[in-house]
Amino acid sequence: MRTDTGQVFKLEDYRPSDYLILRTRLTFRLSPEATMVKAELTVERRAGVAVDSPLILDGDGLALRRIEIDGVAVPTSAYDASPDCLALNALPSTPRFTLLIETQIDPAHNEALMGLYRSNNVYCTQCEAEGFRRITYFLDRPDILSVFTVRIEARRKEAPLLLSNGNPVESGDLADGWHYAVWEDPHPKPSYLFALVAGDLGKVGDSFTTMSGREVDLGIYVEHGKERLAGYAMDALKRSMKWDEEVFGREYDLDVFNIVAVSDFNMGAMENKGLNIFNDKYVLADEETATDADFANIEAIIAHEYFHNWTGNRITCRDWFQLCLKEGLTVYRDHEFSADQRSRGVKRIAEVRTLRAMQFPEDQGPLAHPVRPRRYREINNFYTATVYEKGSEVVRMIRTLLGAETFRAGMDLYFLRHDGDAATIEDFVQVFADVSGRDLSQFALWYNQAGTPNLTVSSHYDAAAKQLTLEIEQSVPPTPSESRKRLMHIPLAFGLVGKDGKDLLYDSVDGATVEGGVIQVRKRHHTVRFSGVAARPALSLNRGFSAPVTLSVEQKADDKFFLAGHDSDAFSRWQAFNTLLTDALIAAFRRLRGGKGTDFAARLGGLAGTIATNGDLEPAYRALALTLPSEADIAREIGKDIDPDAIFAAREALATFIASTNRQRFEVLYDSLRDNSQFSPDAESAGRRALRNVLLDYLSRLDGGAETAARHFKAAANMTDLAAALMVLAHRHPGSPQADAAIAAFAAKYASDPLVMDKWFQIQASVPGPQAVDTVRMLMTHPAFSSTNPNRLRSLIGTFSSGNQTGFHRADGAGYRFFAETVLEIEKRNPQVAARLATALRSWRSLEPARQAKAKEALLTMANTSNLSADLRDIIDRTLV
Ligand code: TRP
Ligand code: ZN
């Protein structure tokens, strides 16, 4: 484990390296505990660099076995080798030379899952961001682009399959049962895109003909016996390849494209050139083992990694501060792909829910950072919702400001101008400034300034003058190390909704630039006057979630109810209802804590019934509308002095009220949505299942609810329905015979399927209440649990800490103590996963004082532990600031 050195990396310190590595020839001789890695590097001194400049290569826990320059052993006086660094200080005076380095590594004991490691007896690699330096000494930074040739040698019995990046060029037998394969990747790439896989896996093959008529061999490699579970992923891959040609004009550029599914993986997946490596949870699916959400995730992540081929690989990042250059843009691209494959309106609502759940708390807490950070201690900790999701929103705003056509022209210019580059955010923004002729300098603040901007809007309609006036005020709350904020350029889409639900027209407008239904907010304060507005409209704001901001709008409840029933923009219509629900929940929370708040639940109950049964609305949309804001959503809206038990009680009460108000309607609809046809994972079928399962959740709260859910469980013909029923039984009827029977039956049936058991862990770890700590402790001893597998850890520990408000935030602090102890244990093996889990405490300052003190104690326990990894030290220190 790399312990913290306290070193801080700064954007302004960027400097090109003195040396380049033009070619990299790697030879692996694979053995579980003693793999030999030979690297032959063609090194070039950059023009103008002094001959005596040292070459300093990155390492991480390496053992050097041999070092030669131009075929001659380097004398020990000419270099300094430590596990973490190789410094060469007497180099040839010629501008170019060959450096040979041999290292020995131990994949079998690599539990951090970075570099070369073993997962289920398969050798695999993860090099982003700085894992390549755990394989060999290198200039392990994304602006060093090198042409790689890789030779892999292994025992044929142990590893009949040998894969690396690029195209296969040679393979054959060696003595003593060994064999080899050589792979060549013609595209210069940074070391973080290197990959190797070797093992015994089953293959699903297919092919794709590109728009220029080239045939590409496609392969998805999975554990033997699981081939039929890769069909959906393969289909998603082919649709992604086609879509990128049609929508962005991007064609694939190698003869083969391979995907490997591994079961031990720190993140979702990795875009290594020509050889994507996936967490198997995002490849394997069939109706019996995967939910509709799993299918949607697989489609999105297969697309995401494939799209990286252009946005990430052909054009990569100059340095890790530019991470959003590839991640934000690629998330934007996968969002658009899913929107085109599914329902655009529904997809947008889901995106915004994720952004608010994951990114808003980050932006509003101690870990806030700009989409392009300016400093970091551990880059692993910057693969965040801000870089990914807010980064995607920034790209979307560029499109909103420029329009679809100009945006596409900008993207075309980006590919043309920067293909083969290690580029920056400035490069990216410049192409859009060039194609549009606009000044995007204020807009670029979205990349550089942290915090969620707020827009306060009030409106006044003058009936006699037929004039609507909006007062818009922007503010950006302070974030750590940025106390004073600059004014942002915010595209605010809007509609003036008339009595018939249609948007009202206006003759003219002044006070801000308004084009294509978008107000461009650039100043602190705008008074925007619309003239010629025939009647008082209901104001629909931030349509389609045009900007990632919070809104404070003075609006009559009547207008919100009207918009919730009539806004022509699907997102805003959903938003109006969701705001009403949130308002009702906050009012109930305040009443529970002795305060006052108007109770309009009765009206909401009625509207919920109307939405549920409105056949003009897509079932998936109705399911989203009927899903109450989560406890975490409510806590975020309240903002401070959080008592999770009171929030839980308020939410339960509203849910039960909506259920009992609509009992009959919900029962009839629930029955009518029963589906006996052949399973299909398509969005429409999934939407009907989602609606039916939301209704089940409501009905399960009423008399006979446990029986209804138990019947649902028994009748379930797919994992979506089965997991939904199990969730409802475990959460609403804990300890009931029906719940206990379902939990046992599920485990008995799926004991040997780890990905399905993850759902079983998740459902139990999220059961609300103080018993959750003990439940999770007990489940950690279950045979299906594994403390080295990130998916298991996330299912159990991650769900408990981020998905169980009343359990984790137990008033006596036992949840926090258990958590700190567990994170410290995990850290010894896998610092990256431990640090990620530890972010669950980031909102500790918004808790009520007693819980706040207990959360702080847990944070201090971790902070006072010696020899913390850079990963965990960084998160804990920033969280405590
Ligand atoms: N680049 C990967 C993506 O597509 C992210 C990733 C995968 C990653 N594995 C990682 C980042 C390990 C850091 C460490 O989003
Ligand atoms: Zn990515």
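**Exercise 1.** Classify His308 as buried or exposed.

*Solution.* Buried means under 20% relative accessible area, exposed over 50%, and partly exposed in between (1.4 Å probe, protein chains only). His308 has 0% relative accessibility, so it counts as buried. The model is predicted: local features need pLDDT of at least 70, side-chain atom pairs count only at pLDDT 80 or more, and totals for chains, interfaces and linings use all residues. Residues are numbered from 1 along each chain as its sequence is written, chains are lettered from A and ligands numbered from 1 in the order in which they are written, and side-chain values use heavy atoms, with hydrogens and water left out.

**Exercise 2.** Describe the site of the zinc ion (ligand 2).

*Solution.* Donors are N, O and S atoms within 2.8 Å of the metal (3.2 Å for Na, K and Ca); water is not among the atoms, so sites may look incomplete.

1. The protein donors are His304 (NE2), His308 (NE2) and Glu327 (OE), with Glu327 (OE) listed twice, at 1.9 to 2.8 Å from the zinc ion.
2. The donor residues follow the spacing H-x3-H-x18-E in sequence.
3. His308 sits in the loop between α2 and β22 (316–317) and Glu327 in helix α3 (residues 323–341), so this pair ties together parts 19 residues apart in sequence.
4. Glu327 is buried, its relative accessible area being 1%.

**Exercise 3.** Determine how far α20 is enclosed by the rest of the structure.

*Solution.* Helices (H or I, at least four residues) and strands (E, at least two) are DSSP runs, numbered from the N terminus.

1. Of the 12 residues of α20, 10 are buried, so the helix is largely enclosed.
2. Among them are Trp760, Phe761 and Ile763.
3. The buried residues of α20 pack against α2 (292–307), α18 (719–732), α19 (737–750), α21 (772–779) and α22 (790–803), where contact means heavy atoms within 4.5 Å.

Conventions. Tetrahedral: all angles 85-135°; square planar, octahedral: opposite > 155°, others 65-115°.
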